[in-house]
Amino acid sequence: MVAEMTEVRPAGLPAGRSTRHANPALVLGFLSLAGLVISILQSLVAPALPVIAADLSVTTADVSWILTAYLLAASVSTPVAARLGDMFGKRRVLLVVLSMLAAGTLVAALAPNLSVLIAGRVLQGAAGAILPLSIGIVRDELPIGRVGMAVGTLSAIFGVGGGLGIVLAGPIVDNLSWHWLFWFPLALIGIAFAGVAFGVPESPVRAPGRVDWTGALLLSAGLAMLLLALSKGSAWGWSSGRVVGMLIAAGFTLGAWVIIERRIQEPLVDMRMMATRAVWATNVVGLAFGFAMFGAFLLVPMLLELPKATGFGFGASVTTAGLYLLPATAGMLVFAPISGALERRVGARVPMVLGTAIAAGAFAFLAISHTQAWQLLVSVSLVGIGIGLAFAAMANAIVAAVPPTQTGVATSVNTIVRTVGGSLGAAILAGLLTAGVSDRGIPTDAAFTQGFWLSAAVLVVGLLASLLLPRRTTQQADA
């Protein structure tokens with residue numbers, strides 16, 4: 001049951017609207033900066049893992065915990081922080097998670113060994129609720145006519161940051177040291193914190209009640225086991241007792257969570273809300289894009305960095321391979337506001353269908369031909385356009401489908417779904433490359449082709465789900 005909002009509003013003021021005048025440009029700018037930093041930190045370390053492993057004298061398997069720990073912490077903290085934001089104020093909780101992000105980044109920058117670095121990454125992952133909290137603030141504070149475009153921009157920023165992280169990692173590591181992967185973002189976090197503290201008003205929307213700690217514990221345990229099994233499956237063996245046992249336990253735990261959430265009065269996540277067609281269909285699209293983004297961010301740079309002697313590699317450096325992803329980030333940044341404008345006119349369904357179809361077509365083109373640089377650049381650009389259109393539409397579809405008091409939780413679930421999709425994509429695509437190695441231990445061209453086709457197929461599933469979205473929700477029509 002959703003609790004009533006506590007703010008008393010003047011007659012005629014829509015629910016979820018602030019009675020004060022916030023500067024829309026400043027609010028969006030500071031929230032976008034916070035989102036950009038967390039998304040950069042999510043991907044920035046990935047290309048630098050071999051360098052970090054060598055510097056800290058640890059194995060490749062051990063250093064992979066830098067990514068795994070971040071994903072686990074983000075999956076655990078995101079729904080809880082989003083719920084606390086709905087209860088006690090989104091800006092207040094956003095400042096808390098930004099503080100945790102700053103602390104984790106400082107710890108990582110100063111880390112003398114792997115254990116301390118992983119601890120810093122856990123603190124960084126605890127800030128995973130920045131996107132749902134930011135979307136909730138935008139919904140509550142900005143004029144109705146600007147919400148769609150603002151939500152689209154915020155959603156795109158997370159994709160842009162992921163691409164920029166991979167692009168920037170090479171030059172930073174080549175010219176400085178891996179510690180600077182954290183010093184630079186730390187300065188941006190400080191600016192974002194000050195901006196949110198002084199330029200973003202507190203959201204007036206509240207959902208009084210209590211935190212469903214039992215549900216939070218079950219969801220956290222289930223997601224932790226699922227993500228751990230997916231991220232470590234290749235290293236531990238997919239048929240090993242640890243992986244199979246964790247997958248089974250995750251299934252039972254998440255099943256128990258769903259049952260409990262359906263029965264209690266104040267659930268962490270309202271299952272009736274999640275069963276809404278606009279919400280579950282959007283989450284399927286999010287899962288597909290989470291998977292496919294790793295098709296672009298994992299397969300394309302690896303293909304570029306393979307030696308030319310293979311007959312299909314390009315012999316590019318880490319820095320050059322990262323630069324090939326710049327068109328994708330540009331596509332996200334340009335087409336996300338366009339998606340928001342489309343959503344305002346025709347609803348979220350059209351840009352989501354367009355974005356998913358464009359991205360699926362781009363991967364199909366890559367599967368057919370990826371022997372020339374221009375083919376990679378065109379395909380990556382199209383993937384970025386698709387992500388920009390679809391990511392913005394996903395957030396707007398959920399915002400339009402749920403009441404203001406559930407915005408944070410609903411968007412946090414979509415964020416988690418994309419994280420799970422990314423873990424699936426990383427595990428399965430890496431498994432394809434590992435299984436398809438040549439006698440020299442290098443992935444074959446056929447393995448890359450299979451990975452591109454699989455990414456396209458997963459996006460086709462997302463395309464079918466996007467076609468099930470309502471053409472225009474009641475809230476959209478009334479906006």
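Does Thr-329 count as buried or exposed, and why? At 6% relative accessibility, Thr-329 counts as buried (under 20% relative accessible area is buried, over 50% exposed, partly exposed in between; 1.4 Å probe, protein chains only).

The model is predicted, so local features need pLDDT of at least 70 and side-chain atom pairs count only at pLDDT 80 or more, while totals for chains, interfaces and linings use all residues. Residues are numbered from 1 along each chain as its sequence is written, and side-chain values use heavy atoms, with hydrogens and water left out.

Begin by selecting Thr-329 in helix α15 (residues 326-346); helices are DSSP runs of H or I, at least four residues, numbered from the N terminus. Beyond its neighbours within four places in sequence, Thr-329 is in contact (heavy atoms within 4.5 Å) with Val-160, Gly-163 and Leu-164.

Next, select helix α8 (residues 144-175). Its 32 residues should span 46 Å at 1.5 Å a residue (times one less than the number of residues), and its end C-alpha atoms are indeed 46 Å apart. At Leu-168, α8 bends by about 30° (the angle between axes fitted to the seven residues ending there and the seven starting there), and Pro-171 follows within four residues. Of the 32 residues of α8, 23 are buried.

Move on to helix α9 (residues 180-199). Its buried residues are Leu-181, Phe-182, Pro-185, Ile-189, Ala-192, Gly-195, Val-196 and Gly-199. They cover an arc of only 140° around the axis (taken from the directions from the helix axis to the C-beta atoms), which puts them on the same side of α9. Their cover includes α1 (24-44), α5 (90-110), α6 (114-125) and α8.

Terms used: Helix = DSSP H or I, 4+ residues; strand = E, 2+ residues; numbered from the N terminus.
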